Amino acid sequence: MTLYIVATPIGNLDDITLRAINTLKSVDLIAAEDTRHSGLLLQHLGIKAKLFALHDHNEQDKANFLIEKLKSGLSIALISDAGTPLINDPGYHLVKACRDNGINVVPVPGACAAIAALSVAGLPSDKFTYEGFLPAKSKARQDCLIKLLDEPRTMIFYESTHRLLDALSDMQTIFGANKHIVLAKELTKTWETIVSFTVSQLIEWLNEDTNRQKGEFVLIVEGHAKTENDIDQKVISTLKLLQKELPLKKAAAITAEIYGLKKNQLYQIGLDAEQ
């Protein structure tokens with residue numbers, strides 16, 4: 001009566017662990033995000049097992065079914081399409097249900113794109129925050145980024161091909177053009193690429209070759225380092241957003257009124273940013 005949370009490769013199939021292989025061979029049932037995708041992996045490993053589809057759209061409904069199977073004495077492995085289950089993948093509802101029902105849950109660790117990228121980024125890794133995918137719409141995305149303006153820890157994001165440039169554009173608007181970002185693309189795969197730029201340089205690099213915009217991406221973003229005379233980054237962000245619609249003098253005055261600051265100081269900050 002055990003649920004195993006089994007990490008699978010994120011690209012290179014050699015990255016699966018011996019323990020993961022042995023676990024997948026021994027369980028009675030494998031719950032997979034995409035049975036067709038996982039079936040290819042199991043076929044490669046020479047594993048014949050009964051697959052059960054468990055994904056975002058059916059997890060809450062199917063969790064009780066799997067709980068009953070576990071209570072009857074079966075052992076089940078949970079896998080996602082790639083990497084560690086529950087890390088931006090299905091599994092939370094099932095694991096919580098198992099915990100609530102006193103069912104043993106065992107991790108079988110392995111590949112995780114976020115940790116793999118962080119380990120080679122060259123940014124502080126002693127403290128970090130995993131943010132997953134940003135919202136699809138620009139307004140919601142910017143609102144999310146504004147909340148992270150004063151985040152001192154290294155930030156980890158996932159991003160897709162179709163939203164990458166839009167996300168970076170919003171990061172440039174909110175974080176500023178000089179924010180340092182490491183982009184890790186197609187980790188462990190044939191076209192693995194890891195580059196380090198400011199956000200403006202990264203956008204330029206991506207636009208130089210549209211092929212660079214294709215793939216699965218992890219963005220490792222430096223945290224905010226405060227100085228003694230630092231103005232809250234939320235203030236700077238508000239000023240920048242208002243400047244898009246208003247003259248600098250008016251934008252500085254409104255921002256100063258909102259945050260109780262001196263408008264001349266904010267006006268100077270705006271002038272400096274334009275140079």
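Let me begin with how the chain folds back on itself: among contacts between residues at least 6 apart in sequence, 69% join residues at least 24 apart. Please keep in mind, as you look at the structure above, that this is a predicted model. The protein has 275 residues, of which buried residues make up 43%, and its secondary structure consists of 11 helices and 10 strands. If you draw a box around the C-alpha atoms along the principal axes, that box comes to roughly 70 × 40 × 30 Å.

Now let us turn to the sheet. Five strands form an open sheet, and if we walk across it we meet them in the order β6-β7-β10-β8-β9, with pairing that is mixed. Which strands stand at the edges? They are β6, residues 128–133, and β9, residues 193–198, and each has a single partner strand, so one side of each is left without a neighbour in the sheet. As we go from one strand to the next, the twist averages 20 degrees. Helix α8, which covers residues 199–208, packs on this sheet, where it touches both β8, residues 180–185, and β9, and its direction makes about 130 degrees with that of β9.

Within the sheet, I would like you to find strand β7, residues 154–159, and strand β10, residues 217–221, which run antiparallel and are joined by 5 bridges. To see one such pairing at the level of residues, look at Ile156, whose bridge partner in β10 is Ile220.

Next, we come to a pair of helices. The axes of α9, residues 233–243, and α10, residues 248–259, come within 9 Å and cross at roughly 145 degrees, and this crossing is right-handed. Which residues of α9 meet α10? On the α9 side they are Lys234, Val235, Thr238, Leu239, Leu242 and Gln243, while the residues they meet in α10 include Leu248, Ala251, Ile254 and Tyr259. Sorted by class, this contact has 9 nonpolar, 3 polar and 1 charged residues.

Finally, I want to look carefully at a single residue, Asn58, which you will find in the loop between β3, residues 51–53, and α3, residues 59–71. Is Asn58 buried or exposed? Its relative accessibility is 12%, and because buried means under 20%, Asn58 counts as buried. The side chain of Asn58 also has a polar atom that lies 2.8 Å from the backbone nitrogen of His55.

Methods
Residues are numbered from 1 along each chain as its sequence is written. This is a predicted model: local features need pLDDT of at least 70, side-chain atom pairs count only at pLDDT 80 or more; totals for chains, interfaces and linings use all residues. Side-chain values use heavy atoms; hydrogens and water are left out. Helices (H or I, at least four residues) and strands (E, at least two) are DSSP runs, numbered from the N terminus. Buried means under 20% relative accessible area, exposed over 50%, partly exposed in between (1.4 Å probe, protein chains only). A polar contact is a pair of N or O atoms within 3.5 Å; within protein, one must be able to donate a hydrogen and the other to accept it, and residues adjacent in sequence count only if both atoms are side-chain atoms. Two strands pair if DSSP finds at least two bridges between them. Axes are lines fitted to C-alpha atoms, for helices over the stretch in contact, and angles run from 0 to 180 degrees between N-to-C directions. Contact means heavy atoms within 4.5 Å. A crossing is left-handed if the near helix is turned anticlockwise from the far one by less than a right angle, and right-handed if clockwise. Ala, Val, Leu, Ile, Met, Phe, Trp, Tyr, Cys and Pro count as nonpolar, Asp, Glu, Lys and Arg as charged, and the others, Gly among them, as polar.
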